[in-house]
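Here are my notes on this one, in numbered points, for you to read alongside the coordinates. I hope they are handy when you go through the model yourself.

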Amino acid sequence: MISPTLGVCYYPEHWPEEWWETDAKRMAEVGIRYVRIGEFAWSRLEPSEGDLRLDWMIRAMDVLGRHGHRVIVGTPTATPPRWMVDKHPDMLAVDREGRRKGFGSRRHYDFSHLGFREESARITRILADALSDHPALGGWQTDNEYGCHGTTYSYSPAALEGFRKWLAEKYGTIEALNTAWGNVFWSMEYSRFDQIELPNLLVCDAAPAHELDFRRYSSDQVAAFNRTQYEILKAKRPDLPVIHNFMSRYSEFDHYHLAETLDIASWDSYPIGHLAKSSESDEHKALYMRQGDPDNAAFHHDLYRSVGHGRMWIMEQQPGPVNWADANPDPLPGMARLWAWEAFAHGAEVVSYFRWRQAPFGQEQMHAGLLRPDSEPAPAYGEASQVARELQEIGLDGPAGQGKVAVIFDYESEWAWEIQPQAAGFSHGNHVRGLYAAFRKRGLDVDVLPPTTSDLSGYDIVAIPALLTWNEALRSAVANFEGYLLVGPRSGSKTENFSIPPRLGPDLGANLLDLKVARVDSLPAGIEVAVKGGGAARLWREITVGNAEVVMEDEAGVPVLLSQGKLFYFAASGDKALVQRVADYMIAEADTPTLSLPAGVRCRVRGGYRVYVNYAASAQVLSPADDEAGYVLGSADIPAAGVAIARLATAG
Amino acid sequence: MISPTLGVCYYPEHWPEEWWETDAKRMAEVGIRYVRIGEFAWSRLEPSEGDLRLDWMIRAMDVLGRHGHRVIVGTPTATPPRWMVDKHPDMLAVDREGRRKGFGSRRHYDFSHLGFREESARITRILADALSDHPALGGWQTDNEYGCHGTTYSYSPAALEGFRKWLAEKYGTIEALNTAWGNVFWSMEYSRFDQIELPNLLVCDAAPAHELDFRRYSSDQVAAFNRTQYEILKAKRPDLPVIHNFMSRYSEFDHYHLAETLDIASWDSYPIGHLAKSSESDEHKALYMRQGDPDNAAFHHDLYRSVGHGRMWIMEQQPGPVNWADANPDPLPGMARLWAWEAFAHGAEVVSYFRWRQAPFGQEQMHAGLLRPDSEPAPAYGEASQVARELQEIGLDGPAGQGKVAVIFDYESEWAWEIQPQAAGFSHGNHVRGLYAAFRKRGLDVDVLPPTTSDLSGYDIVAIPALLTWNEALRSAVANFEGYLLVGPRSGSKTENFSIPPRLGPDLGANLLDLKVARVDSLPAGIEVAVKGGGAARLWREITVGNAEVVMEDEAGVPVLLSQGKLFYFAASGDKALVQRVADYMIAEADTPTLSLPAGVRCRVRGGYRVYVNYAASAQVLSPADDEAGYVLGSADIPAAGVAIARLATAG
Amino acid sequence: MISPTLGVCYYPEHWPEEWWETDAKRMAEVGIRYVRIGEFAWSRLEPSEGDLRLDWMIRAMDVLGRHGHRVIVGTPTATPPRWMVDKHPDMLAVDREGRRKGFGSRRHYDFSHLGFREESARITRILADALSDHPALGGWQTDNEYGCHGTTYSYSPAALEGFRKWLAEKYGTIEALNTAWGNVFWSMEYSRFDQIELPNLLVCDAAPAHELDFRRYSSDQVAAFNRTQYEILKAKRPDLPVIHNFMSRYSEFDHYHLAETLDIASWDSYPIGHLAKSSESDEHKALYMRQGDPDNAAFHHDLYRSVGHGRMWIMEQQPGPVNWADANPDPLPGMARLWAWEAFAHGAEVVSYFRWRQAPFGQEQMHAGLLRPDSEPAPAYGEASQVARELQEIGLDGPAGQGKVAVIFDYESEWAWEIQPQAAGFSHGNHVRGLYAAFRKRGLDVDVLPPTTSDLSGYDIVAIPALLTWNEALRSAVANFEGYLLVGPRSGSKTENFSIPPRLGPDLGANLLDLKVARVDSLPAGIEVAVKGGGAARLWREITVGNAEVVMEDEAGVPVLLSQGKLFYFAASGDKALVQRVADYMIAEADTPTLSLPAGVRCRVRGGYRVYVNYAASAQVLSPADDEAGYVLGSADIPAAGVAIARLATAG
Ligand SMILES: [Zn+2]
Ligand SMILES: [Zn+2]
Ligand SMILES: [Zn+2]
């Protein structure tokens, strides 16, 4: 693990070579130590087939190295050059509407296209051969933002062929597939695997199991694509990390699965753009339009720390206005510092700003950098410099410790409830993030765990918010867990083949939870059913039968929270007030100590320090916690977009 | 005609054969007598071409028959098996965007594809040959929900070829077509029929007559498809009824025309889903989200009774939450009973719940049945049982008598105002249903008549709400009608070739109505023009000239209701208040006796009884009518979702 | 120049030949002198290839000529006949989704298709040969509404081929193109021109320079199409004007460029439909739903007078309800007169109503004419007659004089901010029209100038609202301008290759304006930042640096209006109140005299008269201005939809 360090994304190919030296020097002055390069440079590395030009990149690495920078080299596979499309016209993906997507932007390739997969391996091998021994090399990034712009799914002939093979391997016989998918329904039975089509452009919905398997297949192709690059890169330099930069609220492939061939998970954090593009309410968006959602970056820090086997970076950090949302407001002064501090508090090793200098040309010319296009400092330049100085002064280090609370985030559940929402607007991710935020608002550190977790020990409280189906590991973890478990609606309501289990959801043994979901009452957006004592159910209510104890019920007398021992079942999706009540109830039951945080303020403990960040647009006053021994940065009067760091009394 | 009886939809192919006996026994216990099977089973009847497996279906019929059930066998043509698509790749339809729709759900066929039409005849012949003599056979259902999922229209080469032939037959010469369509406008003139294209993917709108003829052509293909099956089935067993199950607010083909080859019209009644998917206001949807619109099912009962030559069934009755609306709420307790009683009151012979047991797999796994997937009773199980008991006790029977009021519902008018709304949001169907509801809220039984009606005698009031064009039969019926006639806006405003008639709309002789529509003032949604005395015009106002008497006018002095003798002309589309005022005015003029019904309560007379149903979510109090002699079911205190039945004093 | 005269659009081919005489006579009775014919008549002029039938058109011209009418003959190229599509199947355009658009409406051709361009030349030559010497011929109209229904852009093979050639000519070498477009970004570099694709159906956005060049290419094709017809027509009769009829708020090609081969610019004015289809607020639309926006027609009069080298006609004037908006209200009585008077006040030579008689068939059968379909007068018949009488009485004549204020309207800026809005909802056109209206509400005559203007002398105030990039002519005009200049946000923020200029926007020398836009704060719709003193910024705020003086700032202290000498920079987009404040500030600085106009009233001076029009739905009272010497039409009490004309004291 690397102690908290700043980085930046740099495109030497965009600038005259004579600028590189000054750029590298100024980066060092800011306090930057990691520089990512190369991930979009294929046309400069190989302008025509086989005409390799790695010299300039080596010279750029030389310059950067001379100024003490460690270079992360991106494989350039997100932007295959134009000549390759002549060679492989069918490497272009086909969208759900059946339209082949052309060259002229980025990510114009199909994960199922084996010819391009070989090109990807080839250029990776070339980079590994040429650069592995460069003294400035600090690691690799594979491709860039897998899946961005809806590119995980392709409905191409290549995808069709791959899908059929994948199904044949998975099911062995066509009878097994027919049974698994329930194809007797509507006479959808196949007699050969090569009769199966992709689930797009049908008359009405495909069988949900058909859709789910196509998502699994597509997810597997992304993972296989990454594995190839990983193996090539690790073969040369087993000591250097291979990293990928993931995204916010993006779940089209299984990141846990892909990360089996990564050393570090990084992600690209654009809090303001992410909020603008989210499904949050207009009020919430207005409140945080210059800061971003106060829990979204944190959630992803914790998610990707889990995806990355405990290692997490921010590969791209928003420095100012971006270019890709409907509107792109200026951040509050201080946010470029706050976001970095928050990331470090959640365990980030490197926070790398995107990008060094705003490009005056191309698609992202309205995206800010640390420098303006005229090379003058943009506001984030000073904020990054401040973070670098503060890091040195405080010496924050060590891993982000285990929280008291964990939530399980599962990619297949994301897909499943998208395929079959039953209540439009119901989302697994929103459900998980709602619970995450409710615990975090009480000052608790919350870990995010994969659905394959086999041991929940060490946690006071674990939430399984809206899980598609149980696997054996998790069943056993639940059975052996000694803390308080909150199982949310829809959990266990399906088999792995997307059918209703024989004993109905939540499909836990009666010894664990004597309760069945008899039916579902799904509600239109805007309709709420008040819960006695406060809050309301919305979108989803389950009508349950069984002998579990009723803890909360709604005004119609339908149970909303039930329990059996330390296992609690949340039989509805709730508004923020209800979710907070349920979280608070669990906290009280588990007797977990909390903090009282002002609105907009959040915190995270790392290495003996508690880092407070203020997402509010106004100053707030902190109440020092019992376990704190004063502030090493800032004070209890925390300004808008401010950071305060308290030393824990328990820390050396 | 069959006395009121319950039925259920059953899929023996979905369940182990050893379950069939118990299922049949339990159905009988509920009081069910009709069981529909087979309509999606083609892949089990003929798993590969020519490999016929009707044995299991015969065994299922044996079991059902042993328990006293009459079986309705559906031809399985809504779900052609996968191998057939290999044989006829072009049997798949093409949507308006030009995309061929694939295999993997249902209704994946093109009505214009003659090869599939022959396959449809072939499998129908096979079923007729194998099952006609089965003692349990009670009738046939052709296909399933013709047109569902937008399948009436296909923009395929097969449709193009068929359309050109149909036009050649209709017009004889290309000159006649050019004149009829007004092709001189914009130089759209053709010199040969094979130059005519389908009206999709044009630069801007097609000629309205072109669109209308394509709709007529497409409608005719559905009718021809049905005719083939009908003739095969009737040839074997002329005594057994051939039925089709139509849908709610679905008008893409002319149901009257299709029903020339049906013995009974049935429809699939899902009141909650239908309301959710409708264009009703959000307030109305919230008020009735667990009941359905209080007039929609009734309207369709009356419409399909008319379509079915006086015979009407509910082939699929919603039993609990469905799966296909954006949100799918649980019905109020009692609604599965109320809906059945209301259907019987409107003349239904059989009300058949969909489905026996909720399927744990496939696209509809979240659709309730009488049984849960674990075979335990769902709420509708008990409600159906209650209906069966009550039917036996009361002995309701006989035809639904003729009402005092009739409205004309015309499929071509639906198409015409969709093709040329002129005011976005104007809909023939909404217009008809608005008037229907206004009369029905006064306790009047309202019949729905086809536009080909040649005799209106027996009615106090007849409404022709928004008729595209007059035919000779209706012109003569109107001329000879001795009751009160309400002609609505747009009526008679076009010729059959979709052009403005020489004497302008409403195109009635000056002896009948001396009034011309000089021009139309169409209004944006949300703009209203108040009418003196109450209510408002919206969407549509006609500026008329002529000597008809003004009965109501709006605040700008524009006449809204005019009259000449007993003929009234409604020159606007109105909000609910105005439509009610106009209906009430007609009722007063005609001196037709009404009832005073509480909000949400509706009623219908059948066979000496008046059946009251309460769609409100709260209890209501009935005022017994003068012609009633007490309640045989329930009382004047009618609970939410309740039913009360009064015996008429006039009844034996 | 022609003195103010009325015209009408007439389709002799739609009516029996025996009606022509009466029609021509009645037109003359109304006071009509110009009749446009022929623009959709190709199928009647050439029913099959080479079978020319111009005799009927000559006879129609004979009849019209006998009644004193001058005939404008339209080339019929907007409606190629069906047989031509058999001959050139690829003449049909392809839309952005990749779908080829079929025959059956109008404008079914691709400007890039050279075969159709030759057909267009051929039929133009035929008309020129046959009709040039007809004594009734008064001029020509080329095609009809170029670009209507989104037809400027085609994504066809023909367009691709043309685009590649155009690029090769523009850039000479592929390296030059790669540099201009910034193709190093995302490895989009090409090695040959034939590798370049059209910018549709990409994975994400194309490079903005790629999009912009495609728009320039497409615009050039429209201009080239027009040039061919123009040259043919002028060769025969250099004395007769060649005219095209443009549209409202339509900017997909550069009208200034196209008009290099026109003698007169005409446009089609449908005030009510244009408002309904606009992005104005619902409140504004409700207020003016029967009148149209009070500044929109005027803006286009002034724009097209500029496009037409000082000569402007209304080729199609709305007479009553139209058929093509979502709802199509009846105009207030008087509007058909008001619109004509306003057009004349802004310099129109001919105002030609569309159309003579409402067609009972075809796509536009619900579009009013001067006559109803039954040949009775519609309301506009009398209003047009009144205008004709009033014109004769008053004798308005001469050019529309130069205003005190000018705004620059630039088509490339329209395209640029559509390609890269950065704030959804920001529009160059709205920005320009907002300023135009603010000055006009003060009674000022406002001219619209092209971006190639090289001399601004004579104006008190010139506004350059949101200009993409400077050209040398305009730079020099600005440098030499002695009046007050208002430069709006985004102006000069890009180079002609759509990249940020080295010295950043607004890219004026520091001697003119010492100010740089450091970054942009773009705001979601609905978010406003109040400006001290009144009004608010919305959508767009620029954060500037430099030494310009701050004139207005917002509540966050960000400058909104800055100045250096007489040059003012407006660093935000504003709500109506802010735009008005800025306009008023400029007026006060320039000491330009204004008028006080009641709400909804506007005016324009022409030939010694000031014409007042009242767009309000209620009567208003005018305050006579110092320079007026009484009313020659109407009075200070101006009714709803009224017109009043004051003689200027300065006039002879
Ligand atoms: Zn991205
Ligand atoms: Zn259906
Ligand atoms: Zn147009």
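1. Let's begin with the zinc ion listed as ligand 3. In this predicted model, its protein donors are an OE atom of C:Glu145 and the SG atom of C:Cys148, which lie 2.1 to 2.5 Å from the ion. Both C:Glu145 and C:Cys148 are buried.

2. Ligand 2 is a zinc ion too, and here the protein donors are B:Glu145, through OE, and B:Cys148, through SG, at 2.1 to 2.4 Å. Are these two residues buried or exposed? B:Glu145 has a relative accessibility of 8%, so it falls under the 20% cut-off and counts as buried. B:Cys148 is buried as well, because its relative accessibility is 10%. A small caution when you look at either zinc site: water is not among the atoms, so a site may look incomplete.

3. Next, the relation between chains. Two copies of a chain are related by a rotation about an axis and a shift along it. For chain A on chain C, the turn is 120° and the shift along the axis is 0.1 Å, with an RMSD of 0.0 Å. That is the relation of a three-fold axis.

4. A:Gln422 deserves a look. You will find it in chain A, in the loop that runs between α15 (411-419) and α16 (428-440). With a relative accessible area of 6%, A:Gln422 is buried, because that value is under 20%. Which residues does A:Gln422 contact, once neighbours within four places in sequence are left aside? From chain A there are A:Arg490, A:Ser522 and A:Trp540. From chain B, the contacts include B:Val322, B:Asn323, B:Asp326 and B:Met366.

5. In chain B, have a look at the open sheet of 4 strands, ordered β20-β21-β25-β23 with antiparallel pairing. Its edge strands, each paired on one side only, are β20 (601-606) and β23 (628-633) of chain B. From one strand to the next, the twist averages 25°.

6. Within that sheet, β23(B) and β25 (residues 643-648) of chain B run antiparallel and are joined by 3 bridges. To locate one of the pairs, start from B:Leu633: its bridge partner in β25(B) is B:Ile645.

7. Finally, what packs on the sheet? Helix α13 of chain B, residues 335-345, does so, and it touches β20, β21 (609-614), β23 and β25 of chain B. The direction of helix α13 makes about 145° with that of β21(B).

Conventions. Residues numbered from 1 in each chain as written. Chains lettered and ligands numbered in written order. Predicted model: local features only at pLDDT ≥ 70, side-chain atom pairs only at ≥ 80, totals over all residues. Heavy atoms only, no water. Pairing = 2+ DSSP bridges. Helix = DSSP H or I, 4+ residues; strand = E, 2+ residues; numbered from the N terminus. Axes fitted to C-alpha atoms, helices over the stretch in contact; angles between N-to-C directions. Contact = heavy atoms within 4.5 Å. Buried < 20%, exposed > 50% of the residue type's maximum accessible area, 1.4 Å probe, protein only. Least-squares fit on C-alpha atoms with pLDDT ≥ 70 in both. Donors = N, O, S within 2.8 Å, 3.2 Å for Na, K, Ca; no water.
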